[in-house]
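Reader: Could you walk me through how to read a model like this one, feature by feature?
Author: Gladly. Let's have it in front of us before we begin.

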Amino acid sequence: SGGLFERMKAHLAGIASHTGMASVFKLQGADVYEVLGIEHLPGAERSPPPERSGLLGAVRHVSTLLASASDLNTILDDVLAVLESDLGIEHAMVMLIDRSHERLFTVASRGYPASGVGSEISLGHGVIGVAAREGTAIRITHGTSEYAYSRTMRERAERHGLAELLETEIPLPGLPTPGSQLAVPLRVSGCTVGVLFVESPQEARFSWEDEDALVAIAAQLGTTIVVLQQAADASDDVPARAEHVPTPRGAPL
């Protein structure tokens with residue numbers, strides 16, 4: 001139990017669900033190690049990652065947009081545009097939960113050949129569905145290897161006669177072979193109203209700082225969505241004003 005265990009559990013559940021292994025892969029425990037020292041050895045080395053900046057500026061940019069939001073479709077497109085212009089996130093989508101709280105449906109997307117608006121995923125299925133069900137962000141940094149490992153285990157299970165334990169594999173949302181994914185639930189008053197999902201073909205694209213920035217953006221976005229939906233519902237409930245009817249003249253009948 002605990003925060004670390006729950007994050008790891010949700011991470012594993014998201015990967016397993018995508019490949020139909022949710023009933024096979026279940027986190028039972030975790031080993032936590034303390035690194036006492038690092039020794040530099042000769043060999044091929046990676047270049048250091050570029051310096052990141054502008055994360056707080058992007059959060060402020062989105063906050064300014066949300067503060068003046070009056071139309072849901074427009075603000076969703078504007079937020080995804082800021083993610084691309086300020087954070088370099090080219091592939092993103094927003095999904096909202098339906099009234100039955102059993103499915104999520106896409107309301108906005110950016111960076112894909114097809115918009116995907118209207119597409120659905122069940123609550124608890126895939127990275128997006130698990131993030132919504134657990135109410136926690138799920139960040140996958142090495143999607144190519146992690147999904148490949150899960151599919152390999154699925155094939156082994158099928159060869160050993162365990163096919164009845166497997167679920168139908170869910171197609172990956174958006175990119176066919178993502179290197180990195182990050183699903184952030186939109187939480188309002190302790191309830192999940194949707195998910196902000198971003199991905200990239202690049203491995204390890206999203207850092208802890210990216211996750212922090214998107215969690216802050218998602219919190220404000222979720223609240224704005226609920227406010228706009230409530231305003232729309234209230235306007236639908238207002239009766240239309242009756243037209244002026246002239247006072248009839250003549251003797252009463």
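The dialogue below goes from the overall layout to helices, cores, salt bridges and backbone angles.

Reader: Where should I start, and what is the pattern of helices and strands along the sequence?
Author: Start with where the model comes from: this one is predicted. Then list the elements in order. The chain has six helices and six strands, and from start to end they run α-α-α-β-β-β-α-β-α-β-β-α.

Reader: How many residues of the chain count as buried, as a percentage?
Author: The chain has 253 residues, and 37% of them count as buried. About 15400 Å² is exposed, with carbon and sulfur atoms supplying 55% of that area. For the contacts, look at sequence separation: among contacts with a separation of 6 or more, 64% join residues 24 or more positions apart.

Reader: Now a single helix. Which residues of α2 are buried?
Author: Here is the general idea. An α-helix has 3.6 residues a turn, so residues three or four places apart point the same way. Now the case: α2 covers residues 55-67, and its 13 residues reach 19 Å from first C-alpha to last, close to the 18 Å expected. Its buried residues are Leu55, Ala58, Val59, Val62 and Leu66. These sit on the same side of α2, because they cover an arc of only 100° around the axis. On the other side, Leu56, Arg60, Thr64 and Ala67 are exposed.

Reader: And how many of the residues of α4 are buried?
Author: Seven of the nine residues in α4, which spans 126-134, are buried, so this helix is largely enclosed by the rest of the structure. The buried ones are Gly126, Val127, Ile128, Gly129, Val130, Ala131 and Ala132. Near the end of that helix, the side chains of Arg133 and Glu134 meet in a salt bridge, at 3.0 Å from N to O. Arg133 is partly exposed at 44% relative accessibility, and Glu134 is also partly exposed, at 34%.

Reader: How should I read the nonpolar core, and which residues have the most contacts inside it?
Author: Look for buried nonpolar residues joined through their side chains, then ask which elements supply them. The largest core here has 34 residues, and those with the most contacts inside it are Leu83, Ile89, Val94, Leu186, Val198, Leu214 and Leu221. At least two residues each come from α2, α3, β1, β5, β6 and α6. Helix α6 gives the most, with eight residues.

Reader: Which residues does Leu186 touch?
Author: Leaving out residues up to four places away in sequence, its partners include Val94, Leu96, Val193, Val195, Ala218, Leu221 and Ile225. Apart from the largest core lies another, of 19 residues, among them Ala10, Ile97, Ala132 and Val195.

Reader: How many salt bridges does the structure hold, and where is a good one to look at?
Author: There are six. For each, check the distance, the separation in sequence and the burial of both partners. Take Glu211 and Arg7, whose side chains meet at 2.9 Å, N to O. Glu211 belongs to α6 and Arg7 to α1, 204 residues apart, so the pair links distant parts of the chain. Glu211 is buried, at 4% relative accessibility, whereas Arg7 is partly exposed, at 29%. Arg139 joins Arg7 and Glu211 in a network of salt bridges.

Reader: Are the partners Arg205 and Asp210 buried or exposed?
Author: Both Arg205 and Asp210 are buried. They form a salt bridge whose closest N and O atoms are 4.0 Å apart, and the cut-off is 4 Å.

Reader: Last topic, the backbone. Where is Ser189 found, and what is its phi?
Author: In general, most residues other than glycine have a negative phi. Ser189 has a positive phi, near 55°. Ser189 is in the loop between β5 and β6, and is exposed, with a relative accessible area of 75%. Ala204 has a positive phi too, of about 55°; this residue lies in the loop between β6 and α6 and is partly exposed, at 41%. Just after α4, Gly135 takes a positive phi of about 70°.

Definitions and conventions
Residues numbered from 1 in each chain as written. Predicted model: local features only at pLDDT ≥ 70, side-chain atom pairs only at ≥ 80, totals over all residues. Heavy atoms only, no water. Helix = DSSP H or I, 4+ residues; strand = E, 2+ residues; numbered from the N terminus. Buried < 20%, exposed > 50% of the residue type's maximum accessible area, 1.4 Å probe, protein only. Contact = heavy atoms within 4.5 Å. Areas by Shrake-Rupley, 256 points an atom, 1.4 Å probe, with all protein chains shown as cover. Expected span 1.5 Å × (residues − 1). Arc of directions from axis to C-beta. Core = buried A, V, L, I, M, F, W, Y, C linked by side-chain atoms within 4.5 Å.
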